[in-house]
Amino acid sequence: RLVFSNCPCNGGTCKNLYEALKYASGRYVKPFSPGDMLYDARVLHDWAAYMDRTACEVSFGDAVYYQFAEPHIRIIPVRNAPVQRQLFTGRPSRALFVDYLLTNDTILGAAVMMRAARMRADSARIVGRLKYAEDYMLRIAVFEKRDIRYFARRVIWYEYGPGISTTQNEKWRVRLQQDFEACNAIL
């Protein structure tokens, strides 16, 4: 079921997600940003089944990066994030901690699905402290050694370029750095 927040103003991605989660129902939540699309018609069904089988709270898959190049869509050949996906087996390890938090080999937030209760709790921890980088909830999950699993499948089409995390705009780089530092304070 799609849920849209009744928030009268844009309070930033973290607040918008937090508000929308008040209306979400079901076991899992898969947030979407403009430009993101499910990879195919079965992906949510298969992904939820995988999460049920593994009993994980957080899962991520692969993305196909694309850009609009009028009159066509151009696929961007990038290495999926994180590069070290094999570390996400459900057994938190020192190698995962180092790879994710110290070398910044991070999960693409757009390719994540979480148990609804977990996303509500994590969103509540960051709202008011972080403004734009809601996917930094994953840094907290890694830090706290939570069960995060790699779903070895393409899950989304990810529009690369115009979003706040992929633009080359200095204003957004500064804002995301502020959120990074606020997340470090939580850690």
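These legends describe the whole chain and then several close-up views of a predicted model. Residues are numbered from 1 along each chain as its sequence is written, and side-chain values use heavy atoms, with hydrogens and water left out. In this predicted model, local features need pLDDT of at least 70 and side-chain atom pairs count only at pLDDT 80 or more, while totals for chains, interfaces and linings use all residues.

**Figure 1. Overview of the protein chain, with six helices and six strands.** From the N terminus on, the order of elements is α-β-β-α-β-β-α-β-α-α-β-α. The radius of gyration is 16 Å, close to the 16 Å that the globule rule gives for 187 residues, so the chain is as compact as a globular protein of that length. Helices (H or I, at least four residues) and strands (E, at least two) are DSSP runs, numbered from the N terminus. The radius of gyration is taken over C-alpha atoms, and the globule rule is 2.2 Å times the number of residues to the power 0.38. The C-alpha trace spans about 45 × 35 × 35 Å along its principal axes.

**Figure 2. Burial, contacts and surface of the protein chain.** Of the 187 residues, 43% count as buried. Buried means under 20% relative accessible area, exposed over 50%, and partly exposed in between (1.4 Å probe, protein chains only). Among contacts with a separation of 6 or more, 74% come from residues 24 or more positions apart. Contact means heavy atoms within 4.5 Å. The accessible surface comes to about 10,300 Å², and 53% of it belongs to carbon and sulfur atoms. Accessible areas come from the Shrake-Rupley method with a 1.4 Å probe; for residues, only the protein chains shown count as cover. The mean positions of the 27 positive and 19 negative charges are 4 Å apart. Lys and Arg count as positive and Asp and Glu as negative, with His and the chain ends not counted. Each charge is placed at NZ of Lys, CZ of Arg, CG of Asp or CD of Glu.

**Figure 3. Close-up of arginine 153 and its salt bridge with aspartate 40.** The closest N and O atoms of this pair are 2.5 Å apart. Arginine 153 lies in strand 6 (residues 148–159) and aspartate 40 in the loop between strand 2 (37–38) and helix 2 (43–54), so the pair ties together parts 113 residues apart in sequence. A salt bridge is a side-chain nitrogen of Lys or Arg within 4 Å of a carboxyl oxygen of Asp or Glu. Aspartate 40 is partly exposed, at 28% relative accessibility.

Arginine 153 also forms a salt bridge with aspartate 46, again with the closest N and O atoms 2.5 Å apart. This pair links helix 2, which holds aspartate 46, to strand 6, which holds arginine 153, across 107 residues. Aspartate 46 is partly exposed at 22% relative accessibility.

**Figure 4. Close-up of the salt bridge between arginine 118 and glutamate 57.** Their side chains meet at 3.5 Å, N to O. Arginine 118 lies in helix 4 (residues 116–126) and glutamate 57 in the loop between helix 2 and strand 3 (58–69), so the pair ties together parts 61 residues apart in sequence. Arginine 118 is buried at 18% relative accessibility, whereas glutamate 57 is partly exposed at 26%. Both belong to a network of salt bridges that links Glu57, Arg118, Asp122, Arg125, Glu144 and Arg146. The structure holds twelve salt bridges.

**Figure 5. Close-up of isoleucine 148 in strand 6.** Isoleucine 148 is buried, at 3% relative accessibility. Leaving aside neighbours within four places in sequence, its contacts are Val58, Phe60, Phe88, Thr89, Gly90, Ile107, Ala141 and Val142. Proline 92 is 56 residues away from isoleucine 148 in sequence, with 8.1 Å between the C-alpha atoms.

**Figure 6. Close-up of the buried residues of helix 1 (residues 13–21).** Cys14, Leu17, Glu19, Ala20 and Leu21 are buried. The buried residues of helix 1 pack against strand 1 (28–29), helix 4 and helix 5 (137–143).

**Figure 7. Close-up of helix 3 and the loop between helix 3 and strand 5.** In helix 3, Leu96, Asp99, Tyr100 and Leu101 are buried. The buried residues of this helix pack against helix 5. Just after helix 3, asparagine 104 takes a positive phi of about 65°. Threonine 106 sits in the loop between helix 3 (94–102) and strand 5 (112–115). Threonine 106 is partly exposed, with a relative accessible area of 26%. Leaving aside neighbours within four places in sequence, threonine 106 is in contact with Ala81, Pro82 and Tyr100. The C-alpha atoms of threonine 106 and aspartate 135 are 9.6 Å apart, with the two positions 29 residues apart along the chain counted as their separation.
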